[in-house]
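Hi everyone, thanks for making time this morning. I'd like to walk you through some cysteines and some charged pairs, so let's bring up the structure.

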Amino acid sequence: MSLAVPTSTTRWRCTQCGNLTRFDLVRTSRTREFWHQQLSGEPTVEESEVLESSVESVACRWCAGGGLVELIDRPAS
């Protein structure tokens with residue numbers, strides 16, 4: 001199950017403590033990368049494209065309220 005992520009009109013909020021800014025995520029991603037391998041053997045990732053990404057869990061960093069994070073509307077600016 002993938003959880004909804006914030007958009008330009010929404011943001012996360014912890015229902016337990018009210019935190020709006022700090023969250024721990026568990027995310028699964030599938031990427032395509034271009035690696036440049038130096039002659040010395042040292043690799044450098046020069047390009048990275050996210051093909052799929054899903055957020056498995058979100059927890060409040062302040063109170064560790066796992067499962068208590070909701071999406072709310074951002075205030076009008």
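Let's begin at Cys60, which is buried, with a relative accessible area of just 2%. Please keep in mind as we go that this is a predicted model.

So what is the nearest cysteine sulfur to that of Cys60? The sulfur belongs to Cys17, and the distance is 3.6 Å. I know what many of you will ask next: why is there no bond between Cys17 and Cys60? A disulfide here has to have its two sulfur atoms within 2.5 Å, and at 3.6 Å the sulfurs of Cys17 and Cys60 are too far apart for that bond. Cys60 is therefore in no disulfide, and the structure as a whole holds 0 of them.

The two cysteines also sit in different surroundings, if you look at accessibility. Cys17 comes out at 37% relative accessibility, which counts as partly exposed, whereas Cys60 is buried.

Now, on to the charges. How many salt bridges does a search of the whole structure find? The search gives 4, and I'll take you through some of them.

Have a look at Arg13 and Glu70 to start. They form a salt bridge, with 3.2 Å between the closest N and O atoms. Arg13 belongs to strand 1, residues 10–14, and Glu70 to strand 4, residues 69–73, so this pair ties together parts that are 57 residues apart in sequence. Are these partners buried or partly exposed? Arg13 is partly exposed, at 28% relative accessible area, and Glu70 is partly exposed as well, at 32%.

Next, please find Glu52 and Arg30. Their salt bridge has its closest N and O atoms 3.1 Å apart. Here the link runs between strand 3, residues 43–60, which holds Glu52, and strand 2, residues 23–37, which holds Arg30; the two residues are 22 apart along the chain. Glu52 is partly exposed at 46% relative accessibility, and Arg30 is also partly exposed, at 46%.

One more pair before I stop: Glu49 forms a salt bridge with Arg32, and the closest N and O atoms are 3.1 Å apart. Glu49 is in strand 3 and Arg32 in strand 2, so to speak two distant parts of the chain, 17 residues apart, that this pair links. For Glu49, the relative accessibility is 40%, again partly exposed.

That's my tour, and I'm happy to go back to any of these residues.

Terms used:
Residues numbered from 1 in each chain as written. Predicted model: local features only at pLDDT ≥ 70, side-chain atom pairs only at ≥ 80, totals over all residues. Heavy atoms only, no water. Buried < 20%, exposed > 50% of the residue type's maximum accessible area, 1.4 Å probe, protein only. Salt bridge = Lys/Arg side-chain N within 4 Å of Asp/Glu carboxyl O. Helix = DSSP H or I, 4+ residues; strand = E, 2+ residues; numbered from the N terminus.
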